[in-house]
Amino acid sequence: MSPETKSTTYHERVLPSFASFLPLLLLPPTGWLTLAMINQTLGLVIGSLLAIGAGTAMVVNSPVIDLDAQQLRVGKAHIPLKQLGKAEFIAKREAFAERGPKLDIRAFIRFQMGVSTMVKVAVKDKNDPTPYWLFSSHQAEYVAALLNKRAK
């Protein structure tokens, strides 16, 4: 493996937005109310542990985007750059349509709650039934530009 293959050009962990974590604040009082008749302290502790566990799961399960000289990796999926076509930036106002009515059922998708911008990359490989990849990114415009630069 050449050193060029190992060097990552772009790396991003696509974390949920801050607002996505706000509902977790309801878990401690819910635990307290649920167990109030038995043990209020235990209810608060259990609710707090559930909130911490859910928040940790949201962070740990956030997709990672890695782009190097050879391939694009989104989460556990990866594809060689030579099989990718044009990449386009999907702005917030267009994202709903891309995730809904315009979505091809065969597409590879990886969305993150609270992240409204996306990248759509065409797949050129005729043997691959996937027409395109559609994934969330906080810096989608930059990722699309990098992918288009690599495709040339």
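# Structural report on a predicted protein model

Q83 lies in the loop that links β4 to β5 (84-90). The model discussed here is predicted. With a relative accessible area of 22%, Q83 is classed as partly exposed, because the buried class requires a value under 20%. Setting aside neighbours within four places in sequence, Q83 is in contact with A122, V123, K124 and D125. The C-alpha atoms of Q83 and K126 are separated by 9.1 Å, and these two residues are 43 apart along the chain.

## Overall architecture

The secondary structure of the protein consists of six helices and eight strands. Read from the N terminus, the order of elements is α-β-α-α-α-β-β-β-β-α-β-β-β-α. The radius of gyration of the protein is 20 Å, whereas a compact globule of 152 residues would have a value near 15 Å. Along the principal axes, the C-alpha atoms fill a box of roughly 65 × 40 × 25 Å.

Of the 152 residues, 35% are buried. The protein exposes about 9400 Å², and carbon and sulfur atoms supply 62% of that area. The side chains include 18 positive and 11 negative groups, and the centres of the two sets lie 1 Å apart. Where contacts join residues at least 6 apart in sequence, 66% of them link residues at least 24 apart.

## Strand pairing

The pairings described in this report are collected below.

| Strand pair | Sense | Bridges |
|---|---|---|
| β1 and β2 | antiparallel | five bridges |
| β2 and β3 | antiparallel | three bridges |
| β3 and β4 | antiparallel | four bridges |
| β6 and β8 | parallel | three bridges |
| β7 and β8 | antiparallel | five bridges |

Strand β2 (residues 64-68) is mostly covered, with four of its five residues buried. β2 pairs with β1 in the antiparallel sense, and within that pairing T8 stands opposite D68 of β2. β2 also pairs with β3, where I65 stands opposite V74 of β3. A hairpin of two residues connects β2 to β3.

A hairpin is likewise formed by β3 and β4, with two residues between them. In the turn of this hairpin, G75 has a positive phi of about 65°. Strand β3 covers residues 71-74 and strand β4 covers residues 77-80; the bridge partner of L72 in β4 is I79.

Strand β8 (residues 132-136) pairs with two strands described here. β6 (residues 108-110) runs parallel to β8, and I109 has L134 of β8 as its bridge partner. β7 (residues 118-123) runs antiparallel to β8, and A122 has Y132 of β8 as its bridge partner. A122 is also among the residues in contact with Q83, which ties the loop after β4 to the β7 strand.

How many of the five residues of β8 are buried? Five of the five are buried, and the strand is mostly covered. Y132, L134 and S136 point one way from β8, while W133 and F135 point the other way.

## Contacts between distant parts of the chain

V143 is located in helix α6 (residues 140-151). Its relative accessibility is 1%, so V143 counts as buried. Not counting residues up to four places away in sequence, V143 touches Y10, E12, V119, F135 and S137. One of these partners, F135, belongs to the buried residues of β8. Another partner, E12, lies 131 residues from V143 along the chain, and the C-alpha atoms of the two are separated by 9.8 Å.

S17 sits in the loop between β1 (8-13) and α2 (18-21). Leaving aside its neighbours within four places in sequence, S17 is in contact with M113 and G114. S17 and M113 are 96 residues apart in sequence, yet their C-alpha atoms are 7.1 Å apart in space.

How values were computed:
Residues are numbered from 1 along each chain as its sequence is written. This is a predicted model: local features need pLDDT of at least 70, side-chain atom pairs count only at pLDDT 80 or more; totals for chains, interfaces and linings use all residues. Side-chain values use heavy atoms; hydrogens and water are left out. The radius of gyration is taken over C-alpha atoms; the globule rule is 2.2 Å times the number of residues to the power 0.38. Buried means under 20% relative accessible area, exposed over 50%, partly exposed in between (1.4 Å probe, protein chains only). Contact means heavy atoms within 4.5 Å. Accessible areas come from the Shrake-Rupley method with a 1.4 Å probe; for residues, only the protein chains shown count as cover. Lys and Arg count as positive and Asp and Glu as negative; His and the chain ends are not counted. The place of a charge is taken as NZ of Lys, CZ of Arg, CG of Asp or CD of Glu. Two strands pair if DSSP finds at least two bridges between them.
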